[in-house]
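Got your viewer running? Load the model, switch to cartoon view, and keep the selection box handy.

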Amino acid sequence: MEFWNRQKKVLTAFGIFLAFMMLCTLISRVVYASRLPQVSVETPRRTALDHTVTADGIVRQGREYAVTALSGLRVRTVYVNVGDRVTPETLLFDLDMGDLDTKIQDKELEIQKLRLQIAAIEQNRGLEAQKQQTESERAREDYDRAQSRADETLGRAREDLEDAEDAYDAHKKSSVQVTPEQERRRRQKAYSEWSKKEKELKAAAEAAEKAYKEAEEQVKKLEESGSAAPGGEVSGELEAARAQAQEKKKAWEEAAAAYARHTEKPVQKPDFTAEDEALSAWEEKKASLKDAVETAERAVADAEQSGADTMLDAQRKVADTGQAADADSSLEVDRLELSVLQTELSAYQKVRDASGQVYPEAEGIITRVQVSPGERVGDGAALVYADLTSPLQFLVSLTKEQKKYVNQGDTVNLALGGSSKKELKVDYVAENESNPEFFDARVFLPDGIGAIGESGSFEVKAQSETWPVCIPLNALHEDANQRSFVYVVSERAGILGTELTAEMVYVRVLDRNDSFAAVEEGVIDRETEVIVSSTEELEDRVVIRYKE
């Protein structure tokens with residue numbers, strides 16, 4: 001019983017310990033969570049973005065006319081100022097007639113000098129053309145003579161070649177007859193065989209004769225030695241020596257007879273020296289005649305090449321004399337200058353006929369004056385006036401970002417001065433010629449609306465395409481490199497279990513207005529929780545909790 005009581009106490013104490021630890025854990029989690037940044041989140045939505053473009057502008061004249069006068073003339077009096085209303089009967093300014101007369105006299109003098117200069121050039125050109133004609137005729141005569149000489153030289157060379165070829169062909173036909181090589185070898189072989197046999201038979205006869213004489217000597221020695229012997233008997237050795245001597249004699253006689261029979265029909269040693277010398281002389285002459293043909297052929301080729309070179313030089317001289325002279329546009333330029341001077345003189349004379357007075361062509365308002373009394377008229381417009389019969393227009397300048405939402409034909413709310421807004425159309429949008437970073441938009445005003453120089457406001461509302469992923473603008477941030485990013489809610493395992501973190505995600509902004517931004521789909525989607533506000537500044541992977 002005591003054992004169970006002790007066990008019960010232990011279990012109770014362990015339970016109390018676990019409860020205490022759980023309470024501590026809960027308190028730690030509450031304290032930890034209370035220090036975390038609290039965030040508000042939204043999920044992206046599919047929507048179109050509204051854009052409102054507002055800009056200030058000014059009413060301009062619809063069409064302007066330039067009043068011009070001959071540049072360089074001195075102005076005597078200017079009768080109008082900017083803002084003056086003028087009609088075709090309004091005198092704008094007049095010119096100094098004395099200065100005009102001086103200009104006319106100067107032009108007339110320039111024209112007279114230029115006419116004399118043109119006449120001299122025309123005369124010189126005629127003389128040059130005659131000289132060139134003479135040179136061309138002489139070059140043609142030289143060409144014909146060169147052709148004749150070249151043909152004559154070539155003809156002689158060809159005749160020499162024909163003679164050399166005839167002599168060469170005739171020599172080849174009179175060839176030398178010589179013993180064929182095969183016959184020469186046969187004769188040489190027959191002589192060699194006979195000579196060899198003659199030497200062999202002679203040697204055999206001489207050897208047989210020598211052997212016979214030696215046998216005879218042996219007999220004599222034996223006979224001499226036998227006569228001295230007792231009884232004077234011929235020994236058997238002597239008889240044998242005599243018999244052998246007879247055999248040697250017979251052998252010698254047979255060898256001498258064979259040699260005599262062989263030498264009775266001697267074979268002469270072949271000698272082809274005369275034939276070879278005759279053939280060598282014939283070949284030498286043939287080579288000499290062939291060299292003569294080749295020399296004649298080269299002479300023909302040289303004559304042809306020399307003739308071609310000579311004719312090319314003569315032909316080039318003919319071509320050179322037929323070429324036009326160096327380009328000289330002085331006469332044409334002088335004629336053009338004369339035409340210009342005559343036109344200028346005519347213009348001066350028209351100004352003199354109008355007594356130097358300048359009037360506008362239509363009714364309008366002076367917008368710019370570029371001339372002053374006592375000064376000379378410059379290039380360009382002397383005065384500019386607005387045409388009152390053409391419609392006025394409202395001109396406004398737009399940035400590239402604003403231009404995205406303003407196009408020709410869009411509806412615009414236009415307020416001029418203190419008047420109420422009027423709904424009109426954008427008539428013209430184009431890049432500004434002086435600054436490509438801006439665009440000019442024009443609205444043509446109906447009759448009776450607006451006045452030149454009047455200010456106004458321009459408002460265009462446009463809606464973008466529907467974007468699949470749009471987030472509140474306050475959820476969008478930029479880093480130091482102007483790259484756009486958002487914080488999204490993600491989970492990770494922590495010491496106290498699963499924790500929420502703010503994860504930095506870079507996005508590509510496709511469009512935006514004052515409230516929302518459209519971002520590229522993929523990095524985030526419609527289910528992503530995007531942080532739109534936080535009680536503290538966030539960093540990547542910082543632990544967060546939802547705002548209560």
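Here is a short walk through some sheets, rings and charges.

Before you click: this is a predicted model, where local features need pLDDT of at least 70, side-chain atom pairs count only at pLDDT 80 or more, and totals for chains, interfaces and linings use all residues. Residues are numbered from 1 along each chain as its sequence is written, and side-chain values use heavy atoms, with hydrogens and water left out.

**Stop 1: the open sheet**

Select residues 64-67, which are strand 3, and 85-86, which are strand 5. They belong to an open sheet of 4 strands, in the order 3-9-8-5 with antiparallel pairing. Strands 3 and 5 stand at the edges with a single partner strand each, so one side of each has no neighbour in the sheet. (Strands here are DSSP E runs of at least two residues, helices are H or I runs of at least four, and both are numbered from the N terminus; two strands pair if DSSP finds at least two bridges between them.)

Now add residues 383-387, which are strand 9: strand 3 pairs with strand 9 over 4 bridges, in the antiparallel sense. Zoom in on A66 and you'll find its bridge partner, V384, in strand 9.

**Stop 2: a strand with two partners to visit**

Jump to residues 411-416, strand 11, and bring up 422-425, strand 12; the two run antiparallel, joined by 4 bridges. Look for N413 opposite E423. Then show 455-472, strand 15, which also pairs with strand 11 in the antiparallel sense, again over 4 bridges. Here A415 faces S457.

**Stop 3: rings**

How many aromatic pairs does the structure hold? There are 3, counting rings of Phe, Tyr and Trp (its six-membered ring) with centres within 6.5 Å; planes under 30 degrees apart are stacked, over 60 edge-to-face, and the rest tilted. Show Y212 and W252 as sticks: this pair is stacked, at 5.6 Å centre to centre with 10 degrees between the planes. Y212 sits in helix 3 (181-227) and W252 in helix 4 (236-264), 40 residues apart.

Y212 is buried at 15% relative accessibility, while W252 is partly exposed at 25%. (Buried is under 20% relative accessible area, exposed over 50%, partly exposed in between, using a 1.4 Å probe and protein chains only.)

Next, select F485, Y487 and Y506, which form one aromatic cluster.

**Stop 4: charges over rings**

Stay at Y506 and add R483, which lies over the ring face, 4.4 Å from the centre. (The test: NZ of Lys or CZ of Arg within 6 Å of the ring centre and within 35 degrees of the ring normal.) Finish at R140, whose charged end sits over the ring of Y143, 5.2 Å from its centre.
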